[in-house]
Amino acid sequence: MTEPTPRKVDMEKIVSLCRRRGFIFPSSEIYGGLSSCWDYGPLGVELKQNIKQAWWRAVVQERDDMVGLDASILMHPQTWEASGHLKGFADPLVECKSCHLRWRSDDLKGDSCPSCGGELTEPHLFNLMFKTFIGPIEEQASVVYLRPETAQGMFVNFENVVNTTRKRLPFGIAQIGKAFRNEITTGNFIFRCREFEQMEIEFFVKPETDKQWFDYWIEERLNWYVKLGIKRENLRLRQHTKDELAHYARECYDIDYLYPMGWAELEGIANRGDFDLVQHASFSGKSLTYYDEETKQHIIPYIIEPSAGVDRTALALLCDAYDEEQAEGETRVLLHFHPTLAPIKVAVLPLSRRESLVSVAKQIYADLRQHWMVNYDDAQSIGRRYRRQDEIGTPFCVTVDFQSLEDEQATIRERDTLNQIRVPISELENTLQAKLGGEPLFVLPPGGRIWKE
Ligand code: GAP
C-alpha cells in the first residue's frame, strides 16, 4: 500500500507559534533549558486540559464499564521487578569514541557516529527509568523509581477497584498522569520527552473475549481522534511485528499520526493477556483472580490496554489544525481547533476603547466567562485582534460596535469561514452554546441576521 507523502507543516512553524503565543516553552529556559522537558504556557495548559477532559469524558464519564484512578507516581520498587521494567525496560546504547555523543544503536542507519563519523562502542543496555531515593538515606535499600508508565498503578489496584466498585467483567480502569523516561534519543519537540503525560486504559476481560475487545478498542480509539477533528488521512493503524512486541504484549497496534517528521506513534493498543496480574500476584503473594459468577470459577482476566500520550496528542492536534491562508494581501495563520479543544472559546472585542463600548463589551465578557474560557482584547486594530485569535484557534469572536449601543446587538464572527451574524446581546450565550456544540453559524436566534461588514 502506498502511503501519502508527509504534509508540508514545518515543525519549526509549530514550535515558533507555540513559543510566540504561549502554548509551550522550553523548561527552565532562563537557565538554558533542560533537554526534552517542556513547560506548557497559558494556552498550552488549556489545550492539554481540554484534551484530558475530552478523553476522560469519552472513556469514563460516558461509560458504565469504566472507572477512574489516580495512583501515586512513586510505587513500591517490587512493582518494577514484577512488571519486567527493571530487567527489560532498556534501550541499546552506543557511545562515539571520538565525540562521546551517545546514541540508541537500533535508531542508527550505519555503524559509525552520525555526528562526527567516529567509531562507536559495543552496545550496552541502558535502563530508561529515573532512580531516586525515598526518605533521607541515599542507599540501595531506599531506591524508588519515577514511574515510566501509569499502567502499573492500575494493575496493583485491580482488587481494590473490584472490591469497592463491584464491577463485573468486562470493565476498565482509566488514569491520566505523568510518566518519566530517561530517553536516549529525544527531539522532535514534544514528541519524545523525558517527562510526559499518559492517558491509559486497562480494560479487564474474560480471556476468551480478548480478540473481540482488542478490535473494539482499536476502532473506538481511532474514532476518538477523528471526532476531535484530526483528518483521517493523517492517521493510520500499524501492527507490531513479532520482534518489536513489548515483553508483556501478545498483540499490539499503534495508531500513528503523520507528524512533520513522518509517521510515528500517537497511541498504542496492546493485548497484554494475563501477564500483569500473574506477575503481580506472584511477586506480592496476593491472589489477583476474579470470581466469575457464571462459571463459578476463579479466573485471571486478560487486559486490553489503549495507551495514549497527552503531549503527542497535543502535537498531532497542533500540526493538524495549523493552516495558512492568503487574505487581503497578508498571510492569515490559523489553528482550526475543534471547539472542544480550543484553549479560548470566545474573544470579546470592542471596536474601540471608547468608554460606552468598553462597558458593554466588559459586561458581555463577564457574562460569557461564567461558561467558557473567554478573552477580552481591546488593543490594536480590530483586524489584528482577529488575526491574534485566529492564530490561537479561537472559534468565535464577539464584536461590539457603535451600532450595538443603539440596537443592543453584537456580531459573532466565525474563525474558519470568516462569516458573521448579528445577534441580540441577550441571545449571545445561547447562540454561542449552540455554535460551540456544532450548530452552523447561519442558524439564527430570534432577532438575529446574517451580517456583512
Ligand atoms: N503502558 C504502555 C505504554 O506505556 P508506550 O507505547 O511505551 O506504552 C504509550 O507508551 C504512549 O505514551 C505512546 O503511544 C506515546 O503517546 C506516549 N509516550 C511514550 N513515551 C513517550 C515520550 N518519551 N514522550 C512523549 N510521549 C511518550
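Two strands count as paired here if DSSP finds at least two bridges between them. Keep that in mind for the first view, and please note that every panel shows a predicted model.

**View 1. Three strands, β5, β4 and β6, form an open antiparallel sheet.**
The order across the sheet is β5-β4-β6. Strands β5 (102–104) and β6 (124–127) are the edges: each has a single partner strand, so one side of each is left without a neighbour in the sheet. Neighbouring strands here are turned against each other by 50 degrees on average, with direction ignored. Look next at the join between β4, which spans residues 90–95, and β5: these antiparallel strands are connected by 3 bridges. A handy residue for finding your way is E95, which stands opposite R102 in β5.

**View 2. The ligand sits in a shell of 21 residues.**
Which residues come closest to the ligand? They are E149, E183, C193, E200 and E265. Sorted by character, the shell holds 10 charged, 7 nonpolar and 4 polar residues. Strand β13 is the element that gives the most to this shell, with 5 residues.

**View 3. Polar atoms of C193, Q198 and E265 meet the ligand.**
C193 takes part through its backbone, where a polar atom is 2.8 Å from a nitrogen atom of the ligand. Q198 uses its side chain instead: a polar atom there lies 3.0 Å from a ligand oxygen. For E265, an N or O atom of the side chain is 2.5 Å from an oxygen atom of the ligand. How much of the ligand's surface does the protein bury? Taken alone, the ligand exposes 550 Å², and 91% of that is buried by the protein. Three elements give two or more residues each to the surrounding shell: β10 (195–205), β13 (262–273) and β16 (302–309).

**View 4. W38 and F189 meet edge-to-face.**
A search of the whole structure turns up 15 aromatic pairs. The pair of W38 and F189 has its ring centres 4.9 Å apart and its planes at 85 degrees. What does this pair tie together? W38 belongs to strand β2 (residues 38–40), while F189 lies in the loop between β9 (171–180) and β10, so the contact links parts that are 151 residues apart in sequence. F189 deserves a second glance for its backbone too: although this residue is not a glycine, its phi is positive, at about 60 degrees.

**View 5. A cis peptide bond joins L169 to P170.**
Check the omega angle of this bond and you will find a value near -5 degrees. Where does P170 sit? Its place is in the loop between α6 (158–165) and β9.

**View 6. Six strands make an open sheet with mixed pairing.**
Reading across, the order is β20-β19-β21-β22-β23-β24. The edges are β20 (374–376) and β24 (449–451); since each has a single partner strand, one side of each is left without a neighbour in the sheet. From one strand to the next, the twist averages 30 degrees. In which sense do β19 and β20 pair? Strand β19, residues 346–350, runs parallel to β20, and 3 bridges hold the pairing. Within this pairing, V348 stands opposite Y376 in β20.

Methods
Residues are numbered from 1 along each chain as its sequence is written. This is a predicted model: local features need pLDDT of at least 70, side-chain atom pairs count only at pLDDT 80 or more; totals for chains, interfaces and linings use all residues. Side-chain values use heavy atoms; hydrogens and water are left out. A residue is near a molecule or strand if one of its heavy atoms lies within 4 Å of it. A polar contact is a pair of N or O atoms within 3.5 Å; within protein, one must be able to donate a hydrogen and the other to accept it, and residues adjacent in sequence count only if both atoms are side-chain atoms. Accessible areas come from the Shrake-Rupley method with a 1.4 Å probe; for residues, only the protein chains shown count as cover. Helices (H or I, at least four residues) and strands (E, at least two) are DSSP runs, numbered from the N terminus. Ala, Val, Leu, Ile, Met, Phe, Trp, Tyr, Cys and Pro count as nonpolar, Asp, Glu, Lys and Arg as charged, and the others, Gly among them, as polar. Axes are lines fitted to C-alpha atoms, for helices over the stretch in contact, and angles run from 0 to 180 degrees between N-to-C directions. Rings of Phe, Tyr and Trp (its six-membered ring) pair if their centres lie within 6.5 Å; planes under 30 degrees apart count as stacked, over 60 as edge-to-face and the rest as tilted.
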